[in-house]
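Thank you all for coming. I would like to walk you slowly through one structure this morning, so please have the sequence and the model open as I speak.

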Amino acid sequence: MKQKKIVLWIMVCMVMFISGTIAFSQEPAPIPPSEPEEAEVPPSVDPDVPSNVTAKDTPNDDGTSITVTWDIPPEDSGVVGYKILRNTNGGDFEEIGEQLTPLDTYDKREKINKYKDSKIVKDTSHAYIVRAIGANTTAESQQTAAVMAKAQWFHTGEIPLFISMLIFCAAIVGNVYYAKGGKDIFVRRIPGLEAVDEAIGRATEMGRSILYSTGLGGVSDVATIASMTILGQVARRTADYETPLRVPCKDPIVMNVLREMVKSSYLDEGRPDIYNEDNIFFITESQFAYAAGVDGIMLREKPAAIFLQGTFYAESLILAETGNSIGAIQIAGTDSEHQLPFFIAACDYTLIGEELYAASTYLSREPMLLGSLRGQDLGKLLIFVTMIAGVVLELIGINWITTLLQRVS
Amino acid sequence: MQVFGIWVAAFLTLCIYSFLYQDNPLYRFAEHLFVGISVGYGIVLSIHEGFIPLAWNPIWASLTGDSLSGLWKLIPIFFGLLFFARLSPRHTWLIRYPIAILIGFGAGIAIPNVLRANIFEQTRGTIEPFSVIHSQTTGTAVEVMPSGEFTVFIIGAVLMVIGVICTLTYFFFSVEHRGPISWLSKVGICFLMVGFGSAFGNTVMGRVTLLIQRVDFLLNTWIGSIF
């Protein structure tokens with residue numbers, strides 16, 4: 001009876017699915033061709049000659065571009081666009097680019113009064129001519145002085161960002177010393193992390209393995225780095241309990257780092273004998289092939305606990321659903337905000353964004369990490385205060401906080 | 001040849017979909033084929049887009065005397081080669097140098113961008129609407145908003161500030177969540193869940209589109225090629 005019901009439901013779903021698909025796959029009705037609009041003929045006036053044309057080495061770059069600027073044309077200049085001509089080491093001028101946006105508004109005119117030439121020949125001087133294009137005629141500017149691009153060691157535009165980074169770093173370093181001085185630092189409860197021991201214990205009792213995925217991030221991803229430190233803590237526990245820990249990797253460099261981290265954890269726990277390098281292995285760099293491979297491992301090995309910590313994209317739900325289908329306890333964590341809903345829906349515990357970064361501190365309670373966490377909280381407090389002060393000041397017409405933030409960003 | 005390609009694609013699609021029933025030899029075949037091909041393709045891509053233009057060509061140009069600047073590449077190549085130290089148990093420790101460089105370099109590149117995009121831009125975006133509110137109420141705005149639109153704008157700006165402040169409170173880890181902090185963080189969770197709900201719906205719609213595309217291939221391209 002039950003089987004008949006299931007078959008009936010499957011058939012109903014199939015019929016709905018196929019009919020939906022056919023309906024969606026129908027080609028839309030052709031749109032009748034609209035009457036061609038009459039092209040607006042620009043007035044037949046000679047364009048103004050571009051004035052004040054200058055070519056300068058683009059500041060704060062690696063010496064690979066020159067920026068040409070000229071005055072914004074007046075509204076009745078008759079200019080419909082510009083062509084940029086360049087010569088190399090005093091040779092003939094050649095056309096290298098054009099700015100043909102219709103100049104119907106002041107904003108548009110303002111946007112096209114410069115051209116960044118990113119196709120220069122290194123260690124070579126270039127001169128430029130700007131040719132204004134009118135409806136029927138053109139007008140050329142004077143040739144600019146020859147310019148050679150140079151690389152800059154420092155990006156002066158990033159100084160405000162550098163100062164703000166120094167402030168954040170000072171807060172973190174100060175708190176690290178505070179924590180190292182033996183001061184107790186409180187860390188609030190993170191439910192997902194309290195389940196780590198439960199998950200490892202469950203796998204040990206069931207005699208099954210633990211699967212740990214750091215996702216698709218590279219070695220420089222902040223989430224991957226956070227995931228690596230969590231893996232180090234998980235590996236300490238699996239070393240204690242002698243539970244097999246399997247880590248499929250998407251990036252060969254991440255795999256090497258993970259091997260080092262897990263090996264260190266096993267050494268720290270005095271169990272180098274049970275460390276097996278082959279348990280941390282490379283699958284593939286292709287996103288969905290990786291998902292297919294990890295799914296296959298889940299189904300065949302049936303791990304009792306699955307950790308999905310790091311950067312995930314569209315494969316998040318595929319992995320989490322498969323883990324759910326085999327009845328594994330799943331602890332996920334990511335800072336990819338679009339994947340968090342899927343983890344929340346399909347996993348037992350989920351670390352949301354910043355919780356992933358705090359996780360290693362929570363698990364290890366090392367003074368350095370505790371101090372770093374407190375420093376980050378101070379940074380958040382600073383943002384908190386900036387936001388409230390910014391809102392109040394904006395409401396009374398003072399906008400220096402917004403201007404400062406604009407400069408920094 | 002094209003028909004053959006369609007048949008192969010349809011067969012592999014069905015093999016992968018057979019996973020919905022349970023693990024089976026067909027799925028395993030498609031999975032291993034997929035993984036194997038992607039690894040092979042990745043290696044070829046690394047050689048043609050990484051090794052040849054970034055390492056081989058500059059070094060060869062230096063050896064032939066075309067451009068000596070390629071010799072600088074020997075430094076990163078040397079550190080890259082240290083990854084092979086893993087093959088010798090006595091020299092495995094050498095691998096820590098390229099790893100340290102990679103993580104340090106990666107974090108150095110990532111942190112300023114994270115600060116800029118996730119902190120300063122977001123903070124500015126939350127504050128800026130209040131400048132519009134000020135200009136609208138004091139009559140200094142270039143374009144005056146209709147009163148209904150302005151009311152909605154004010155509600156949106158205030159909700160945004162409340163949402164950001166409450167959500168930020170949830171992510172304070174070194175403070176116990178009691179009293180007002182607890183309340184603020186609970187409101188923050190509500191905002192998070194609303195955000196996740198909308199992201200969930202949005203992404204599911206995208207995935208359904210992908211499914212439709214695949215089924216469209218099976219029904220129209222594949223079955224269509226038979227009849």
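Before I count anything, let me say that helices here are DSSP runs of H or I with at least four residues, that strands are runs of E with at least two, and that both are numbered from the N terminus. Please also keep in mind that what you see is a predicted model.

On that footing, the secondary structure of chain A comes to twelve helices and 14 strands. Chain A has 409 residues, and buried residues make up 46% of them. If we take the contacts in chain A with a separation of 6 or more, 67% of them are accounted for by residues 24 or more positions apart.

Let me turn to the interior. In soluble globular proteins, nonpolar side chains tend to be buried together. In this model the largest nonpolar core has 55 residues, and those with the most contacts inside it are A:L245 and A:F307. The element that gives the most to this core is helix 5 of chain A, residues 222-241, with eight residues. If you centre your view on A:L245 and set aside residues up to four places away in sequence, you will find that it touches A:I210, A:Y212, A:L231, A:V234, A:A235, A:T238, A:Y266 and A:N279. There is also a second, separate core of 26 residues, which includes A:A289 and A:A332 together with B:F19 and B:Y27.

B:F19 brings me to a residue of chain A, namely A:T322, which lies in helix 8 of chain A, residues 316-325. Is A:T322 buried or exposed? Its relative accessible area is 4%, and because buried means under 20%, A:T322 is counted as buried. Leaving aside neighbours within four places in sequence, A:T322 is in contact with A:D295, A:M298 and A:L299, and also with B:F19 from the other chain.

Now to a pair of helices in chain B. Two packed helices are described by the angle between their axes and the distance between the axes. Helix 1 of chain B, residues 2-17, packs against helix 7 of chain B, residues 179-226, at an angle of about 135°, with the axes 10 Å apart. That angle makes helix 1 of chain B oblique to helix 7 of chain B, and the crossing of the two is left-handed. Among the residues that meet there are B:W7, B:L14 and B:Y17 from helix 1 of chain B, and B:R214, B:F217 and B:W222 from helix 7 of chain B. The residues of this contact divide into eleven nonpolar, three polar and one charged.

Finally, I would like to visit three loop positions in chain A. A:D123 sits in the loop between strand 5 and strand 6 of chain A, and its phi is near 55°, a positive value in a residue other than glycine. At 66% relative accessibility, A:D123 counts as exposed. A:R365, in the loop between helix 10 and helix 11 of chain A, has a positive phi of about 55° although it is not a glycine, and with a relative accessible area of 40% A:R365 is partly exposed. A:E337 is found in the loop between strand 13 and helix 9 of chain A, and A:E337 is partly exposed at 48%. Its C-alpha atom is separated by 43 Å from that of A:V121, the two residues being 216 residues apart along the chain.

Conventions. Residues numbered from 1 in each chain as written. Chains lettered and ligands numbered in written order. Predicted model: local features only at pLDDT ≥ 70, side-chain atom pairs only at ≥ 80, totals over all residues. Heavy atoms only, no water. Axes fitted to C-alpha atoms, helices over the stretch in contact; angles between N-to-C directions. Parallel < 35°, antiparallel > 145°, perpendicular 65-115°, else oblique. Left-handed = near helix turned anticlockwise from the far one by under 90°. Contact = heavy atoms within 4.5 Å. Nonpolar A, V, L, I, M, F, W, Y, C, P; charged D, E, K, R; others polar. Buried < 20%, exposed > 50% of the residue type's maximum accessible area, 1.4 Å probe, protein only. Core = buried A, V, L, I, M, F, W, Y, C linked by side-chain atoms within 4.5 Å.
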